[in-house]
Amino acid sequence: MSALQKLQEKIEQWRRDHEELKTQNTDLKNQLAGVAEAQKVNESLMIEVEAKRTQCTELENTVATLRRELEEKDIEIEKIIAQVESLLS
């Protein structure tokens, strides 16, 4: 095998290696883009979860307020019933 043939084989091997590296580089770029997109989606979901948590807390506070008001109204109704029964007696 002549020196020229050896050099041509090395050049051809380098060319194949270069193409393989370009393919790997493209794959890695695509993976990185996927990770970046997933991170954006994750951030968006975290914001949505926080908004839902805040909304849930507000609703829980509303329910607690309504329960207190209901208890107060029940007490008022019981007083009125007692007064009516007293008047009827």
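Biologist: What makes Met 46 count as exposed or buried?

Modeller: In this predicted model, Met 46 has a relative accessibility of 52%, and since exposed means over 50%, Met 46 counts as exposed. The residue lies in helix α1.

Biologist: How do you know what kinds of secondary structure the chain has, and how many helices and strands are there?

Modeller: The chain has one helix and zero strands, and that helix, α1, takes in residues 3-88. Helices are DSSP runs of at least four residues, so the run of residues 3-88 qualifies as a helix.

Biologist: What tells you whether the chain is a compact globule or an extended one?

Modeller: A compact globule of 89 residues would have a radius of gyration near 12 Å, whereas the chain has 38 Å. The C-alpha trace, followed along its principal axes, spans about 125 × 15 × 10 Å. As one example of the distances along the chain, the C-alpha atoms of Met 46 and Leu 88 are 62 Å apart, with these positions 42 residues apart in numbering.

Biologist: What share of the residues is buried, and how is that decided?

Modeller: Buried means under 20% relative accessible area, and buried residues make up 0% of the 89 residues in the chain. The area that the chain exposes is about 8,500 Å², and carbon and sulfur atoms supply 59% of it.

Biologist: Why is the contact of Arg 15 with Glu 12 called a salt bridge?

Modeller: The closest N and O atoms of Arg 15 and Glu 12 are 3.0 Å apart, and the cut-off is within 4 Å, so the pair is a salt bridge. Arg 15 and Glu 12 are three residues apart in helix α1, which means that about one helical turn separates them. Arg 15 is partly exposed, with a relative accessible area of 46%, and Glu 12 is also partly exposed, at 32%.

Biologist: How do you know that Arg 16 forms a salt bridge with Glu 12?

Modeller: Here the closest N and O atoms are 3.9 Å apart, which is within 4 Å, so this pair also meets the definition. Arg 16 and Glu 12 are four residues apart in helix α1, again a separation of about one helical turn, and Arg 16 is partly exposed at 44%.

Biologist: Which residues are linked in a network of salt bridges?

Modeller: Glu 12, Arg 15 and Arg 16 are linked in such a network, with Glu 12 paired to Arg 15 and to Arg 16. In general, side chains of opposite charge can pair when their charged atoms come close.

Biologist: How many salt bridges does the structure hold, and what makes Glu 19 and Lys 22 one of them?

Modeller: The structure holds four salt bridges. Between Glu 19 and Lys 22 the closest N and O atoms are 3.4 Å apart, which is within 4 Å, so the pair qualifies. These two residues are three residues apart in helix α1, about one helical turn. Glu 19 is partly exposed at 40%, and Lys 22 is partly exposed at 41%.

Biologist: What makes Glu 69 suitable for a negative surface patch?

Modeller: Glu 69 has 40% relative accessibility and counts as partly exposed, and patches need over 30%, so Glu 69 passes that cut-off. The patch is formed by Glu 69, Glu 71, Glu 72, Asp 74, Glu 76 and Glu 78. Across the chain there are 13 positive and 19 negative side chains, and the centres of the two sets lie 13 Å apart.

Biologist: Which residues form a nonpolar patch on the surface, and how do you know that Ile 11 is partly exposed?

Modeller: Leu 7, Ile 11 and Trp 14 form the patch, with about 320 Å² of accessible area together. Ile 11, which is placed in helix α1, has a relative accessible area of 36%, and because this value falls between 20% and 50%, Ile 11 is partly exposed.

Definitions and conventions. Residues are numbered from 1 along each chain as its sequence is written. This is a predicted model: local features need pLDDT of at least 70, side-chain atom pairs count only at pLDDT 80 or more; totals for chains, interfaces and linings use all residues. Side-chain values use heavy atoms; hydrogens and water are left out. Patches are made of residues with over 30% relative accessible area and no salt bridge: like charges are joined within 9 Å, nonpolar side chains (Val, Leu, Ile, Met, Phe, Trp, Tyr) within 5 Å. Accessible areas come from the Shrake-Rupley method with a 1.4 Å probe; for residues, only the protein chains shown count as cover. A salt bridge is a side-chain nitrogen of Lys or Arg within 4 Å of a carboxyl oxygen of Asp or Glu. Lys and Arg count as positive and Asp and Glu as negative; His and the chain ends are not counted. The place of a charge is taken as NZ of Lys, CZ of Arg, CG of Asp or CD of Glu. Buried means under 20% relative accessible area, exposed over 50%, partly exposed in between (1.4 Å probe, protein chains only). The radius of gyration is taken over C-alpha atoms; the globule rule is 2.2 Å times the number of residues to the power 0.38.
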